[in-house]
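Hi,

Here is the structure I promised to pass on. Have a look at it first, and then read my notes below.

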Amino acid sequence: MEKLLNNFDSLCLDQNLMSIKEKILTNQRLDLDDAEVIMTSNDINSVGMLAQYKKFSKDGAKIYFVVNRHINPSNVCAISCKFCAFGKKKGSSDSYEMTIDEILSLLNDDLKEVHIVGGLHPDWKFEKYLEIVKEVKNAVPEAHIKAFTAVEIDWFSQISGFSFEKVISKLMKAGVDALPGGGAEIFAPETRKKICSPKTTGESWLKIHEVAHKLGLPSNATILYGHLESIYDVIDHLSQLRNLQDKTSGFLAFIPVLFQPYNTRLKDTKPFPFSYDLKVHALARLFLDNFPHIKAYWITLGEKAAQITFHYGVSDADGTIISEKIIHDAGAKSEVGHTRDFFVKMIKDAGYIPVERDALYNELKIYA
Ligand code: V47
């Protein structure tokens, strides 16, 4: 593995990265200034070499994926965020609500993870969400259920009058095995206000994940990037997540989610160069030293770009998803889903070892 950095000194174009290399080699934690050096560096190859070294020191050449399915029971949403093209007003012609039977018809015994998230429905009671979880668990008991973002947990708390603890405990009892990482968007209050002012604050998002971890429920964390944020917002976001993970160790994976502007009220944001995506993924791997995995969300990146991030510290390719809607409503150009065979080939083609996993990263099959 040391070989990965053999040529580093002779190939490094940015001398500011040399002290970061020393820290990575000696397992020292990066600070906020190091993160700034990475995000402002033009030496994307050297940044990638460092992130790759860190990834290999954790997982070797393995890249994980899961046979999963996304289910969005309704797109009716009581709030409207500028970056979102999915949420619809109740009664609008493009709103929908799925019945339990419609939800169950999407399941099959091959699934290892069912990912359930949706809008904040103004009329549905908390019991309805518990029923969805119970019915899904009953139909596919072998699959993990990763359900409801912290924004939904906050909403359930408001509509039920229950504390976060009670809402999460009831969801766990119904069958939820993990929380997805959505809703984190960007914690920095000024930027958060510009893209999703009505949404749960960053502080509450972090509090809900802390409560979940304390109750023994693991979770993921996301960042929505590529809109109005500065690199300091990105660094602040990672720093707050790293601090919480130091306290709880409950996060499984960090997922950079690239903003898609189509059909949103942030249509006019200027596109970022691909080197920015690579730096966000690499920085995540280097800075979040206490996160087990960095995930490439191929839905937003596109399949080929996701493959390229495998060389920038990523250790997880998410999964089959089967039918993604939230990001495709905002113009994502990737397919809406893929097969298990697609992931095995995609990971092998990039030079890595595909490992099929469940939602909790238990290894189910290594495709050597
Ligand atoms: O939080 C909504 C994002 C997220 C847009 O935990 C958009 O394993 C881009 O959280 N452009 C939900 N993104 C997705 C999510 C997720 C995905 C995959 C895996 C996991 C996991 C979690 O969707 C929201 C928001 O950031 N989103 N609109 C948009 N226009």
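Before the numbers, one term: a cavity here is a set of grid points where a 1.4 Å probe fits but cannot get out. Rolling a probe the size of a water molecule over the atoms shows where empty space is left. Bear in mind too that this is a predicted model.

So, how many cavities of 30 Å³ or more does the structure hold? There is one. The largest cavity comes out at about 50 Å³ in volume. Its lining is made up of Pro-73, Ser-74, Val-117, Gly-118, Gly-119, His-121, Trp-124, Tyr-129, Phe-148 and Glu-152. By type, that lining splits into five nonpolar residues, four polar and one charged.

Next, the open space. The largest pocket holds about 920 Å³. It is lined by 46 residues, and Phe-83, Cys-84, Glu-185, Lys-199 and Ile-326 are the ones closest to its centre. Helix H7 (150-160), strand S5 (219-225) and strand S6 (251-258) are the elements that each give two or more residues to this lining. S5 gives the most, with four residues. If you care about the chemistry, the pocket lining divides into 21 nonpolar, 15 polar and 10 charged residues.

On to the overall layout. The protein is divided into domain 1 (2-57) and domain 2 (62-366). Taken over C-alpha atoms, the centres of the two domains are 28 Å apart. Their contact takes 20 residues from domain 1 and 27 from domain 2.

What about the packing inside? The largest nonpolar core has 117 residues, and Leu-241, Phe-254 and Phe-310 have the most contacts inside it. Helix H12 (residues 274-287) gives the most to this core, with eight residues. The core also draws at least three residues from each of domain 1 and domain 2. Apart from it lies another core, of five residues, including Tyr-64, Leu-252, Ala-253 and Tyr-361.

Phe-310 is a handy residue to click on. Leaving out residues up to four places away in sequence, Phe-310 touches Gln-52, Ile-63, Ala-296, Ala-317, Met-346, Ile-347, Ala-350 and Tyr-352.

Another one to look at is Ala-284, which lies in helix H12. Is Ala-284 buried or exposed? Its relative accessibility is 0%, so Ala-284 counts as buried, the cut-off for that being under 20%. Again leaving out residues up to four places away in sequence, Ala-284 touches Leu-238, Phe-254 and Ile-294. Phe-254 also turns up among the residues with the most contacts inside the largest core. Ile-235 is 49 residues from Ala-284 along the chain, and their C-alpha atoms are separated by 9.1 Å.

Last, helix H2 (residues 18-25). Which of its residues are buried? They are Met-18, Ile-20, Lys-21, Lys-23 and Ile-24, so two lysines are on that list. The buried residues of H2 pack against helix H1 (8-11), helix H3 (32-40), helix H4 (44-59) and H12. After H2 comes Asn-27, with a positive phi near 60 degrees.

That's my tour; shout if you would like to go through any of it together.

Cheers

Technical notes. Residues are numbered from 1 along each chain as its sequence is written. This is a predicted model: local features need pLDDT of at least 70, side-chain atom pairs count only at pLDDT 80 or more; totals for chains, interfaces and linings use all residues. Side-chain values use heavy atoms; hydrogens and water are left out. A nonpolar core is a set of buried Ala, Val, Leu, Ile, Met, Phe, Trp, Tyr and Cys residues joined through side-chain atoms within 4.5 Å. Buried means under 20% relative accessible area, exposed over 50%, partly exposed in between (1.4 Å probe, protein chains only). Domain bounds come from an automatic or database domain assignment. Contact means heavy atoms within 4.5 Å. On a 1 Å grid over the protein atoms alone, a cavity is a set of points where a 1.4 Å probe fits but cannot get out, and a pocket is an open set with protein on both sides within 12 Å along at least five of seven lines; lining residues have an atom within 4 Å of a point. Grid points are joined across faces, edges and corners, and a volume is the space filled by probe spheres set on the points. Ala, Val, Leu, Ile, Met, Phe, Trp, Tyr, Cys and Pro count as nonpolar, Asp, Glu, Lys and Arg as charged, and the others, Gly among them, as polar.
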